[in-house]
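The following exercises concern confidence, salt bridges and exposure in a protein model. Please attempt each task before reading its solution.

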Amino acid sequence: MSSGFTNGIRVFRACRALLAPSKSSATVPVPAAAAAKSKTTSKPKTEPRVKTSPSSDAAGVAASPKSKIKREMTRPAGILKVTQVSPALSNFLGVSEASRTDAVKQIWSYIKLHNLQNPANKREIYCDDKLKAIFEGREKVGFLEIGKLLARHFVKN
């Protein structure tokens, strides 16, 4: 066991030696003509960008991208945004507004609680009367179809 450990240390030391900068390259002086030539072919330096404060929006200057990101992060958007739901989904959830993620979570907890998944194929869901009201009266629903079938229940503003 110890021989494998020592072999690993030897390999590591060999790699470290190979990756170390060579001593000869540090001591070689560069001729003055070559140094002057490399300076003339270098790229011109760009000026640093001026940062604007978030309060500069009122002055007509654009706000920095970081401040825009912070403002967007405070408001939920997309599937996290709370919106009005249809009466059928409202009866199922018990609320008049919900986000898509909350609706899907509650539907899945209802499915698991009432054991509505097909035991042979867990991707199939048997619909009882409550789920039929949401899923267009279908007897079976695939778990990937839940999102599609719920899309019509969220009212667009």
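A residue is called buried under 20% relative accessible area, exposed over 50%, and partly exposed in between. The model examined here is predicted.

**Exercise 1.** Determine which elements have the lowest and the highest mean pLDDT.

*Solution.* Begin with the whole protein chain: its mean pLDDT is 77, and 55% of its residues reach 70 or more. Next, consider the elements: helix α3 (residues 32–40) has the lowest mean, 56. Strand β3 (residues 124–126) has the highest, 95.

**Exercise 2.** Establish how K140 and E124 are linked, and classify the exposure of K140.

*Solution.* Step one: K140 forms a salt bridge with E124, with 3.9 Å between the closest N and O atoms. Step two: the pair connects distant parts of the chain, as K140 belongs to strand β4 (residues 140–142) and E124 to strand β3, 16 residues apart. Step three: K140 has a relative accessible area of 42%, so K140 is partly exposed. E124, at 24%, is likewise partly exposed.

**Exercise 3.** Classify K132 and E139 by exposure.

*Solution.* These residues form a salt bridge, K132 with E139, whose closest N and O atoms are 2.8 Å apart. K132 has a relative accessible area of 23% and is therefore partly exposed. E139 reaches 51% and therefore counts as exposed.

**Exercise 4.** State how far apart V104 and G147 are in sequence and in space.

*Solution.* First, locate V104: it lies in helix α6 (residues 100–113). V104 and G147 are 43 residues apart in sequence, and their C-alpha atoms are 7.7 Å apart in space. Finally, V104 has a relative accessible area of 29%, so V104 is partly exposed.

Methods: Residues numbered from 1 in each chain as written. Predicted model: local features only at pLDDT ≥ 70, side-chain atom pairs only at ≥ 80, totals over all residues. Heavy atoms only, no water. pLDDT = per-residue confidence, 0-100. Helix = DSSP H or I, 4+ residues; strand = E, 2+ residues; numbered from the N terminus. Buried < 20%, exposed > 50% of the residue type's maximum accessible area, 1.4 Å probe, protein only. Salt bridge = Lys/Arg side-chain N within 4 Å of Asp/Glu carboxyl O.
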